[in-house]
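Trainee: Could you take me through one part of this model in detail? I'd like a close look at the biggest nonpolar core, and at the cysteines too.

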Number of protein chains: 2
Amino acid sequence: MIEIERKFLVTSTAFMDQAFVNNRIVQGYISTDPDRTVRIRIKGEKGFITIKGKGSESGLSRFEWEKEIPLLEAQQLLQLCEKGSIDKTRFEVKIGAHVFEIDVFYGENQGLVMAEIELQSEVEAFEKPDWLGEEVTGDVRYYNAYLSKNPFLQW
Amino acid sequence: MIEIERKFLVTSTAFMDQAFVNNRIVQGYISTDPDRTVRIRIKGEKGFITIKGKGSESGLSRFEWEKEIPLLEAQQLLQLCEKGSIDKTRFEVKIGAHVFEIDVFYGENQGLVMAEIELQSEVEAFEKPDWLGEEVTGDVRYYNAYLSKNPFLQW
């Protein structure tokens, strides 16, 4: 239940050509406490509830628990969420042995594009595509929970 | 997903003879925000996650969403909870057409015994047993989430 991820800004839209799938995601937060975040997500026609713990010192590892839930229940739970939701499209791009998930944000977070890669260990190597920019792993400002309250356009 | 409940203090242990089942319950809170409480519960050998909304003006009705989850996951999520957990035994007693759930609290909430009854409407009538005391429906001090942070022995 520990997820190891690295997160980067994205410098161009070149990744779009390489994407094998994309999904609209709308999500809100029942709790934005960074030590125990509770997220409700609708991705395409599916609902999810996700609880994340505090990031490790390196920022790479974080407890994560997720369950798929019926779409209708996710819609009702979204209405219970704190103010501020996240609306984005997620593109998935295979680079070498890994899949990058690239989020293009809308609304109050328009202009922000971030890529994430999930790893099996904190030291695992991976191929870096040209469109990969500055690493922001562990920077809480780039947590979606933070962005839901402090959107990118207000930075 | 709306739960209608009334809650009472309990004046004697007479209910114990009438109980058809009892279960030890340990629970903690990922969020104690009364507008969107997130509870992790272990009841006997089963795990649950429950999200509750704000109480209605009368205090009788409240949004409630609950899912059973594997015991191991509930144990791991309990460790992520805020400080302050609730430990109690729940007795279930059938009175007429209804089931009362009576919670006998331990630890920092020792001495507190509360009964709850779930109703189909806010005006539904029900039989009141002798051991039923003062009604505390809607009194947030008697919410388990409140008790986890402000235990009964400190009142």
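Mentor: Here is the core, followed by the cysteines. Keep in mind that this is a predicted model, so local features need pLDDT of at least 70, side-chain atom pairs count only at pLDDT 80 or more, and totals for chains, interfaces and linings use all residues. Residues are numbered from 1 along each chain as its sequence is written, chains are lettered from A and ligands numbered from 1 in the order written, and side-chain values use heavy atoms, with hydrogens and water left out.

On confidence, chain A averages a pLDDT (the predictor's per-residue confidence, 0 to 100) of 96, and the complex gets an ipTM of 0.90 and a pTM of 0.93.

The largest nonpolar core (buried Ala, Val, Leu, Ile, Met, Phe, Trp, Tyr and Cys joined through side-chain atoms within 4.5 Å) has 26 residues, and A:Ile49 and B:Ile49 have the most contacts inside it. Among the elements giving it two or more residues are strand E4 (46–55) and helix H2 (71–80) of chain A, along with strand E4 (46–55) and helix H2 (71–80) of chain B; helices (H or I, at least four residues) and strands (E, at least two) are DSSP runs numbered from the N terminus. Leaving aside neighbours within four places in sequence, B:Ile49 is in contact (heavy atoms within 4.5 Å) with residues including A:Ile49, A:Trp65 and B:Trp65.

As for the cysteines, there are 0 disulfides (cysteine sulfur pairs within 2.5 Å) over all chains. The sulfur of B:Cys81 is 18 Å from the closest cysteine sulfur, in A:Cys81, so it's too far for a bond. At 10% relative accessibility, A:Cys81 counts as buried (under 20% relative accessible area; exposed is over 50%, partly exposed in between, with a 1.4 Å probe and protein chains only).
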